[in-house]
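Student: I am new to this structure. Please show it to me, and let me ask how each label is earned.

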Amino acid sequence: MIIRDATPGDAEAACAVVRASIIELCSADHRDNPDILKRWLANKTPEIVATWADGQGRSLLVAVEDGAILAVGGLAHPGEITVNYVSPQARFRGVSSAMVAELERRALALGALEIALLSTETAHRFYLARGYVDVGIPAGKFGTAASYPMRKVMAGGR
Ligand SMILES: CC(C)(COP(=O)(O)OP(=O)(O)OC[C@H]1O[C@@H](n2cnc3c(N)ncnc32)[C@H](O)[C@@H]1OP(=O)(O)O)[C@@H](O)C(=O)NCCC(=O)NCCS
């Protein structure tokens with residue numbers, strides 16, 4: 001598996017991974033509620049995913065194995081993880097761990113002293129186990145039960 005910058009040609013497959021990840025893995029968040037899913041998925045189209053990398057303030061990464069996209073990760077520079085979705089077929093193989101590690105490396109290289117993100121209920125335990133702490137009050141997004149503002153102070157930060 002390699003993790004690399006997404007290209008415009010990745011948009012369709014990356015979008016499919018993001019949508020499958022939300023629909024199939026995030027039921028703790030959307031509880032199979034069609035209204036929540038509709039709101040959550042509304043901006044997950046190939047055209048919009050293609051705009052998530054602008055080559056300047058935002059990076060979009062894909063984890064790829066044998067030509068298939070296993071995960072999609074996004075960074076708003078310097079230090080906000082905005083996207084982190086794994087394909088259901090690649091779950092629990094270390095793919096999201098590798099993606100987050102790469103996003104953290106990129107953020108450090110851009111001078112970030114801390115990383116911020118908004119975690120799903122589904123991924124909350126994953127981020128806690130990787131050194132992220134809750135900051136602020138969980139708030140529902142798209143009508144989900146809770147999204148957790150989290151951050152991780154990187155070496156050199158306070
Ligand atoms: C939870 C999730 C992020 C883990 O990513 P992954 O690529 O499947 O898993 P990895 O192999 O890299 O990491 C496994 C970790 O997931 C966590 N985990 C294990 N079982 C879990 C479960 N049933 N549910 C949720 N998290 C679980 C643990 O922290 C585990 O690592 P640890 O045992 O070393 O602490 C992923 O499976 C998922 O559900 N993604 C859905 C999309 C999402 O919510 N993204 C976050 C947006 S902010």
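Student: What makes Thr120 and an oxygen atom of the ligand a polar contact?

Tutor: A polar contact is a pair of N or O atoms within 3.5 Å. A polar side-chain atom of Thr120 lies 2.7 Å from an oxygen atom of the ligand. That value is within the cut-off, so the label holds. Taken alone, the ligand exposes 920 Å², and the protein buries 77% of that (Shrake-Rupley areas, 1.4 Å probe).

Tutor: A word on the source. This is a predicted model: local features need pLDDT of at least 70, side-chain atom pairs need 80 or more, and totals for chains, interfaces and linings use all residues. Residues are numbered from 1 along each chain as its sequence is written, and side-chain values use heavy atoms, without hydrogens and water.

Student: Which polar backbone atoms lie by the ligand?

Tutor: One belongs to Gly94, 2.7 Å from an oxygen atom of the ligand. Another is a backbone N or O atom of Asn84, 2.8 Å from a nitrogen atom of the ligand.

Student: How do you know which residues surround the ligand?

Tutor: A residue counts if one of its heavy atoms lies within 4 Å of the molecule. By that rule, 23 residues surround the ligand. The closest are Phe92, Gly94, Ser96, Ser97 and Thr120.

Student: What classes make up the shell around the ligand?

Tutor: The shell has 11 nonpolar, 8 polar and 4 charged residues. Ala, Val, Leu, Ile, Met, Phe, Trp, Tyr, Cys and Pro count as nonpolar; Asp, Glu, Lys and Arg as charged; the others, Gly among them, as polar.

Student: Which element supplies the largest share of that shell?

Tutor: That is α6, with 5 residues. Helices are DSSP runs of H or I, at least four residues; strands are runs of E, at least two. The chain has 6 helices and 7 strands.

Student: Why does the radius of gyration agree with a compact globule?

Tutor: The rule is 2.2 Å times the number of residues to the power 0.38, over C-alpha atoms. For 158 residues that comes near 15 Å, and the chain has 15 Å, so the two agree.

Student: What makes the bond between His77 and Pro78 cis?

Tutor: Its omega is about 0°. Pro78 sits in the loop between β3 (68-76) and β4. Most peptide bonds are trans.

Methods
Polar contact = N/O pair within 3.5 Å; in protein donor to acceptor, adjacent residues only side chain to side chain.
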